[in-house]
Amino acid sequence: MRISVILGVAVLIMVSCDSSGQNPENSDAISSDLHDPDVNVDIFREVPEEIQSKMWPEWFDRSLFPDHEDRFEMSDEQWRDKLSRREYRVLRNDGTESPFVNEYHGEDGEGVYVCRGCSAPLFSSEAKFHSSSGWPSYFAPIDLNFIGVKPDDGLLSERTEVHCARCKSHLGHVFEDGPEPTGLRYCMNSQAMRFIDRDAHEAIEQG
């Protein structure tokens with residue numbers, strides 16, 4: 001258990017968390033300003049209830065972590081003070097870390113991946129799969145309300161960028177070459193997230 005991970009999350013702990021699930025029928029409740037209609041990937045894919053119900057581990061207390069509606073803003077100077085150089089490059093400057101050698105590419109433990117910028121829940125180990133990309137990959141976010149998407153035409157072809165709904169930090173991109181049930185691959189940067197396993201969660205509970 002890495003003490004830096006626990007401390008990094010603990011200083012941002014807030015109460016209140018809610019989830020409306022992944023069902024496209026609930027898309028009207030999802031903030032439209034976080035999901036640009038011009039993106040070339042439709043992220044509103046249904047996740048079966050038997051899978052969705054496992055997204056949040058039984059031991060995970062959502063009230064200890066921020067809600068997506070509780071916006072988190074800091075100045076660029078504050079972000080630079082808070083984040084390491086590598087974290088800042090990814091989260092605030094839309095950077096991409098190296099494949100295969102990043103922290104969570106091979107992580108197989110049970111838990112929840114939260115935003116390294118603001119501690120909002122992003123992805124569940126239940127949705128993680130091993131892709132050939134070299135980055136941690138997921139077929140769905142833990143809740144569509146916790147992410148936002150927008151077009152990214154920075155390379156030769158347009159991609160769909162994924163960011164944290166709470167603090168607007170860059171997380172990675174989403175592609176349509178993932179496994180069932182959604183067919184999506186959320187290709188994320190490890191530097192953009194912290195993994196909360198049971199041990200880290202217990203440490204946060206204890207303050």
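Me: How many helices and strands does the secondary structure of the protein come to?
Reply: In this predicted model, the elements run from the N terminus as α-α-α-α-β-β-β-β-β-β-β-β-β-α. The secondary structure of the protein thus reads as a run of α elements, then a run of β elements, then a closing α, and the count comes to five helices and nine strands.

Me: What percentage of the residues of the protein count as buried, and what part of the exposed area do carbon and sulfur atoms supply?
Reply: The protein has 207 residues, of which 52% count as buried. The area that the protein exposes is about 10,100 Å², and the part of that area supplied by carbon and sulfur atoms is 44%.

Me: Which share of the contacts with a separation of 6 or more comes from residues 24 or more positions apart?
Reply: The contacts considered here are those in the protein with a separation of 6 or more. Among these, residues that stand 24 or more positions apart in the chain account for 69%.

Me: Where is H173 placed, is its side chain buried or exposed, and which side chain makes a polar contact with it?
Reply: H173 lies in strand 7, which spans residues 170–175, and it counts as buried because its relative accessibility is 6%, under the cut-off of 20%. Beyond its neighbours within four places in sequence, H173 is in contact with residues including R159, T160, E161 and V162, as well as R185, Y186, C187 and M188. D152 also belongs to that list of contacts, and the side chain that makes a polar contact with the side chain of H173, at 2.7 Å, is that of D152.

Me: Why is there no bond between the sulfur of C115 and the closest cysteine sulfur, and how far apart are they?
Reply: A search of the whole structure finds zero disulfides, although C115 and C167 are both buried, with relative accessible areas of 1% for C115 and 3% for C167. A disulfide would need the two sulfur atoms within 2.5 Å. The closest cysteine sulfur to that of C115 is in C167, and the pair is too far apart for a bond because the distance is 3.7 Å.

Me: Which residues does a cis peptide bond join, and what is omega there?
Reply: Most peptide bonds are trans. P181, which is placed in the loop between strand 7 and strand 8 (185–188), is joined to E180 by a cis peptide bond, for which omega is about 15°.

Me: What is phi of F100, and what is phi of S119?
Reply: Most residues other than glycine have a negative phi. F100, in the loop between helix 4 (85–91) and strand 1 (112–115), has a positive phi near 70°. S119 is found in the loop between strand 1 and strand 2 (121–124) and is buried, with a relative accessible area of 1%; its phi is also positive, near 75°.

Me: What pLDDT does the protein average, and over which residues is the pLDDT below 50?
Reply: The protein averages a pLDDT of 87, and 83% of the residues score at least 70. Over residues 1–21 the pLDDT is below 50, although this stretch has 60 contacts in the model beyond near neighbours in sequence. Where pLDDT is low, the predicted coordinates should not be read in detail. That caution also applies to the other stretch, with five contacts beyond four places in sequence, where pLDDT stays under 50, so the stretches asked for are residues 1–21 and residues 24–28.

Methods
Residues are numbered from 1 along each chain as its sequence is written. This is a predicted model: local features need pLDDT of at least 70, side-chain atom pairs count only at pLDDT 80 or more; totals for chains, interfaces and linings use all residues. Side-chain values use heavy atoms; hydrogens and water are left out. Helices (H or I, at least four residues) and strands (E, at least two) are DSSP runs, numbered from the N terminus. Buried means under 20% relative accessible area, exposed over 50%, partly exposed in between (1.4 Å probe, protein chains only). Contact means heavy atoms within 4.5 Å. Accessible areas come from the Shrake-Rupley method with a 1.4 Å probe; for residues, only the protein chains shown count as cover. A polar contact is a pair of N or O atoms within 3.5 Å; within protein, one must be able to donate a hydrogen and the other to accept it, and residues adjacent in sequence count only if both atoms are side-chain atoms. pLDDT is the predictor's confidence in each residue, from 0 to 100.
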